[in-house]
Amino acid sequence: LCAAVCAAAAAAGCGGSSSDDRSPTPGPPPPTAGLDARPVNLTCVAPSAPAAGSPEIALEEAFPHVGFTQPLAMIQAPGDDSRWFVLEKPGRVLVIDNDPNVTAAETVLDVDAFLDVNDASEGGLLGMAFDPAFAENGTVYLSFTEGTPMVSVVKRFTSPDGTTLDPAAEDVLRVNQPFENHNGGQIGFGPDGYLYIGLGDGGSGGDPQGHAQNTKDLLGSMLRIDVAGDAPYEIPADNPFAGNPTCGPDPNVPAAADCPEIYAWGLRNPWRWSFDADTGALWVGDVGQGTREEIDVVERGGNYGWNCREGRIAYPGTHSPACADATGLIDPVHDYPRSEGTSVTGGYVYRGTAIPALVGSYVFGDYGSGRIWRLAGDGAGGYTAELLLDTNLAISSFAEGLDRELYVVDLVGGGLYRIVAAGDRPSGSPVPESLSATGCVDSADPARPAAGLIPYDVAAPFWSDGADKERWLAVPDGTTIAVGADGDFAFPEGAVLMKHFRLDGRLVETRLLMHHPRAGWAGYSYRWNDAQTDATLVEGGAVAEIGGRQWIFPSSDDCLACHTSAAGFTLGLETAQLDNDFTYPATGRTANQLETLDAIALFASPLAPSSGEALADPYDAAAPLDARARAYLHTNCAQCHREGGLAPVALDLRYDVRLAETGACDALPQAGDLGLGAGARIIAPGEPERSVLLGRLERRDAYAMPPLASNVVDAEGAALIREWIASLAGCG
């Protein structure tokens, strides 16, 4: 064990040189600090982790010296593999040399500089398509959302030099959006030379207006148009409704006849689609509502079921009238539950040469879970899904180079990654089977932390089915914690967070969240034995009856569903949560946690005086009602419901976001109304009974919040949110 611990510490850089500008051996802390010195930590260090998934692939950062702001796509121009064009959600098109040593990207066009790009929610610069004859005519098409109310726009641009784009452009298509989500927005030319446009159902919960089943408007459909002529577009003669008058931009004013632009329909939000470079088949990732994500192979004239069905099952919400006759609906070739991911990202059929075993497989991922799978034929006309890789990325797109090799785009981290062949996967977990062998607890008494851990507490705790919790942090010697402008702590590689869970005073579970060197964060759950002498690793998650209740032990994937990259992974480790007093067992002193951690030089640079507001304790009746409620939502919801978060609906429930700007107050539900009817709102000021947010907190089913790892409603927390909503006079 000692040798293993030392090796892990060395791999994490423990005891080596550091670029941090603070000395690890500060002078005596002030008497107001809770600790006298930073403890030495050589044992509780995250080890190197084996690559997850199949032995076939790994991710390699393609351009490690260049970062992007919310990249949504990367594309190569026809016949030119020397460059990549990168789309950033706020509205910029950039170009970068196809060279791993490149250090900068050049701006091709800043669309937002002259057009009103609306990048709220799921809007922004969403798609780009080079004319097949780009080398001769310099024509490029961009798809984006603009204005308020939001409009989906496809414009034709020209390039005078093959690199920059002339800002002068002409409209090809405009479609009014009822809401700011489910916009789709990818565009691309098919092997037939026509321009394809994917549009979502217009947003809101469950498509209550039935756009996806209404072929008299353009929403919820895959469109196909001919842009080769002088007119904005013409209709291919074999489109399903060719010959009818073209449809207008307003889906609330349905056309008199079926829209001739439509190629296929019944889609909720086609988020990334592609043509098989060999067969021409059109593969689409269609984002689900609340239970299933799906992959479709889309054919001309096909109806892919939304909102009659979600995946292969009947959708339980409000249906389009067209669902009364559900004959002819086409099932997806694959669907998966929310336990595996929350927002599918369509990919490509692999036709490259670097990974022979992958050829012919459809590679796709999930924005929420970061997982990457492949679909391979099962020999009986269907497909079998195989997990290839489990990542920490927020996968916004896949990309295919002219050489048919595949890439992954990370929206939150801003990186572009190449999928490469990997050697055989090491077997086994990177952590020991028993908690006592991890180096994070006293091996003689695993209920006690190891000497190198620092205890802490949070102002607003996450609901954990009524369990009492104790928390510790550990960072390798010679490393420090950086504090971002938003107050989030950024931990070095090798860091570990540990949490004990107790029910009725007995230890039930201990969780370790580890920052593995070069492999990112991962979570591990240990179940305590009845004798309370040690805990054993639970691999893959489990549910067990403990103390007369069903207790959920999360899997590593479940951990990262909440510990998101957008939220900084560690959640409770932020200035707003720790700007309060704590009694340190080692000294018996009560002191402010931030001041104590600063005094022992745990931060990379001296901590500036707090300019933000410390979180209130949601369960402290003496604190102001509004502060308590917003702290509760911040802790229990905002890890996913925030800017850049992984939730498929557009909300920002962080405590310091004004209520009117959360996207929740007096806003129509985006993921179903829970049967509350037309008057339902996410938060209906003064009317808790019309508020979907409260309704989700008060249930434990497929529509519950939080969506996993809880079997018990937080009655006190729900009562707090009910009281708060009742007190609201408006959204000010």
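A hairpin of five residues takes you from strand β15 to strand β16, and that's a handy place to start looking around this predicted model. Helices and strands here are DSSP runs numbered from the N terminus, with at least four residues (H or I) for a helix and at least two (E) for a strand.

A quick word on ground rules. Residues are numbered from 1 along each chain as its sequence is written, and side-chain values use heavy atoms, with hydrogens and water left out. As the model is predicted, local features need pLDDT of at least 70 and side-chain atom pairs count only at pLDDT 80 or more, while totals for chains, interfaces and linings use all residues.

**Two open sheets**

β15 (residues 282-286) and β16 run antiparallel and are joined by five bridges; two strands pair if DSSP finds at least two bridges between them. Across this pair, Asp-286 sits opposite Glu-294 in β16. Glu-294 also stands opposite Asp-335 in β19. β16 (residues 292-298) and β19 are antiparallel too, with four bridges. Five of the seven residues of β16 are buried, so this strand is largely enclosed by the rest of the structure. Buried means under 20% relative accessible area, exposed means over 50%, and partly exposed is in between (1.4 Å probe, protein chains only).

Zoom out and you get an open, antiparallel sheet of four strands. Its edges are β14 (270-275) and β19 (334-337), each with a single partner strand, so one side of each has no neighbour in the sheet.

The other open sheet also has four strands with antiparallel pairing. Here β10 (187-189) and β13 (262-265) are the edge strands, and each has a single partner, so one side of each is left without a neighbour in the sheet. Inside it, β11 (residues 195-199) and β12 (residues 221-225) are joined by five bridges, and Ile-197 has Leu-223 in β12 as its bridge partner.

| Strand order | Average turn between neighbours |
|---|---|
| β14-β15-β16-β19 | 15° |
| β10-β11-β12-β13 | 20° |

**Empty space inside**

How many cavities of 30 Å³ or more are there? The count comes to six. A cavity is a set of points on a 1 Å grid over the protein atoms alone where a 1.4 Å probe fits but cannot get out, and lining residues have an atom within 4 Å of a point. The largest one has a volume of about 710 Å³, which is the space filled by probe spheres set on the points, with points joined across faces, edges and corners.

Its lining has 41 residues, and Phe-462, Lys-499, Arg-511, His-563 and Leu-571 lie nearest the centre. Among the elements giving two or more residues are β30 (468-474), β33 (496-503) and α3 (556-562). β33 gives the largest share, four residues. That strand also holds Arg-502, which counts as partly exposed at 21% relative accessibility. Arg-502 is 34 residues from Asp-468 in sequence, yet their C-alpha atoms are 5.1 Å apart in space.

**A nonpolar core**

The largest nonpolar core has 27 residues, and Leu-633, Leu-653, Ile-683, Leu-693, Ile-721 and Trp-724 touch the most other members. Such a core is a set of buried Ala, Val, Leu, Ile, Met, Phe, Trp, Tyr and Cys residues joined through side-chain atoms within 4.5 Å. Elements giving two or more residues are α6, α7 (692-697) and α8 (715-727), with α8 giving the most, five residues.

Definitions and conventions: Axes are lines fitted to C-alpha atoms, for helices over the stretch in contact, and angles run from 0 to 180 degrees between N-to-C directions. On a 1 Å grid over the protein atoms alone, a cavity is a set of points where a 1.4 Å probe fits but cannot get out, and a pocket is an open set with protein on both sides within 12 Å along at least five of seven lines; lining residues have an atom within 4 Å of a point.
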